[in-house]
Amino acid sequence: MSKAKYPNYKPSKTLWQEQIPSHWQETELRMLFADNKNKNIGLLERNLLSLSYGKLKRKDIDNATGLVPASFEGYQIIDKGYIVLRFTDLQNDKKSLRVGYANEKGIITNAYIGLSPKADIYSKYFYYQLHFLDKIKYFYNLGGGVRQSLAFKEFGRETILVPEKEEQIKIANYLDFKTSKIEKLIFKKELLLKQMLERINTSIQKSESSSDEPESIFWPFINHTWKVEKAKRIFKEFKETNHPDEPLLAATQKRGVLLKSMCDENFVSPTTGIEGQKLVEPNDFVISLRSFQGGIEFSSYRGIISPAYTIIRLETEYSKYEYIQFYRYLFKTKQFINQLNTAITGIRDGKNVSWTDFSELLIPIPKIEDLAICLKHIEQYEKQVAIFTKEIKLINEYKDAIVAEVVTGKIDVRKFNLSTIEEEAFEEMNFVAEEKEEAEYKKQEME
């Protein structure tokens, strides 16, 4: 990208910017946006929206979960072009993204601030500007001292940058294109990983010499040399406590058991009774409160976790690398989760899957020699996950840098239009080419 600067700059009045293009203006946010007060009286609107990771997403109003109101009449109606700010729980949650842009009409909780444009502006540009402030965690420094929330009356007095409307449109269109291109790259990589994971799931449940005769209602085509045993023959429960100096762990459905310090999610940490937290060792499995939805989580870390969870460990006979990897992935398959749900019918939210529930499940025990292909697929998949984990950090840093430089006037994009942008090489992104990745994946499949 050609990083052309504006010809002239002037000092900025904001606390977060030293200078801006000389032709840009600055004003208080309340001069451009009103605090939305349009309530959903009479349930006129049923398109329920939720702010999640900086995106406004649809939710099923008839099957909404979480903190659901008695009536959605108290929700605010927002329209396309509105900006939503979640300025609650500022004291405890300093990792969430708090700014969202409405691409459609809908309703959202009245606990959030809805910004409705009241001037002749292009609000998508101002969304990107507020998103930039969100990423640099500017909101947490407002109001003096520790804050639980921030109201429009206070935030509306914040100074924002105001290019001319035509320039607002060009900046927003440029960032839309660049960020969508980056998100497409991420999507393709995630799709590749999903395909590799599906290949693992297939090899875990059906070896090269699988029988066509069902061995179990849950494992219909396993190798005839594999055994099917109750889980209590393979695993044991682990209940060790009183390790208050160990790091706190969190069980996540997507990334397994992690150190809480590694999590973006806002997990509540215990302030008392830490001696009662259960010890987790590397290669242990954790049955969490949500295991009936996403399976059992694997831990690569030593630490302590909620006593409400069940910690299980392979018996010595099966505590080999091959079995650890096999069960790590087996416990995340749809077949296993379906079996788990069948075994715990009636046990749902607020209740854990107990050792008693788990111990009676029928689980396959493969012969180690039959796991060679499966383990090869796992190693290839985990290699790609490790590469992508590094890449995604760089990708997001790159995306944040583009937004920051453009919305604050460090880069002039007025001469760019979509036709010239499309001709740009994505040369700044020094990542593995998509064609190379696809060729590598096909090569692995042939092997």
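**Salt bridges and a helix pair in a predicted model**

Author: In this predicted model, Lys-55 and Glu-183 form a salt bridge, with 3.6 Å between the closest N and O atoms. The two residues belong to distant parts of the chain, Lys-55 to strand E6 (residues 55-59) and Glu-183 to helix H3, 128 residues apart.

Reader: Why is the pair of Lys-55 and Glu-183 called a salt bridge?

Author: The criterion is a side-chain nitrogen of Lys or Arg within 4 Å of a carboxyl oxygen of Asp or Glu. The closest N and O atoms of Lys-55 and Glu-183 are 3.6 Å apart, so the pair meets the criterion.

Reader: What makes Lys-55 count as buried, partly exposed or exposed?

Author: Buried means under 20% relative accessible area and exposed means over 50%. Lys-55 has 41% relative accessibility and therefore counts as partly exposed. Its partner Glu-183, with a relative accessible area of 34%, is also partly exposed.

Reader: Which residues are joined into one network by salt bridges that share partners?

Author: Lys-55, Glu-183 and Lys-399 are joined in this way. The structure holds 21 salt bridges.

Reader: How do you know that Arg-302 forms a salt bridge with Glu-246?

Author: The closest N and O atoms of Arg-302 and Glu-246 are 2.9 Å apart, and the cut-off is 4 Å, so the pair qualifies. This pair, too, links distant parts of the chain: Arg-302 lies in the loop between strands E19 (297-298) and E20 (303-305), and Glu-246 in the loop between strands E14 (235-238) and E15 (249-252), 56 residues apart. Arg-302 is partly exposed at 32% relative accessibility, and Glu-246 is partly exposed at 21%.

Reader: Where do Lys-393 and Glu-397 lie?

Author: Both lie in helix H8, 4 residues apart, about one turn of the helix. They form a salt bridge whose closest N and O atoms are 2.7 Å apart.

Reader: Why is Lys-393 called exposed, and Glu-397 partly exposed?

Author: Exposed requires over 50% relative accessible area. Lys-393 has 52% and so counts as exposed, whereas Glu-397 has 40% and so counts as partly exposed.

Reader: What makes the arrangement of H3 and H8 roughly antiparallel?

Author: The axes of helix H3 (residues 165-205) and helix H8 (residues 372-407) come within 10 Å and cross at roughly 170 degrees. Angles over 145 degrees count as roughly antiparallel, and therefore H3 is roughly antiparallel to H8. The residues of their contact divide into 24 nonpolar, 6 polar and 7 charged.

Key. Residues are numbered from 1 along each chain as its sequence is written. This is a predicted model: local features need pLDDT of at least 70, side-chain atom pairs count only at pLDDT 80 or more; totals for chains, interfaces and linings use all residues. Side-chain values use heavy atoms; hydrogens and water are left out. Axes are lines fitted to C-alpha atoms, for helices over the stretch in contact, and angles run from 0 to 180 degrees between N-to-C directions. Angles under 35 degrees count as roughly parallel, over 145 as roughly antiparallel, 65 to 115 as roughly perpendicular and the rest as oblique. Ala, Val, Leu, Ile, Met, Phe, Trp, Tyr, Cys and Pro count as nonpolar, Asp, Glu, Lys and Arg as charged, and the others, Gly among them, as polar. Buried means under 20% relative accessible area, exposed over 50%, partly exposed in between (1.4 Å probe, protein chains only).
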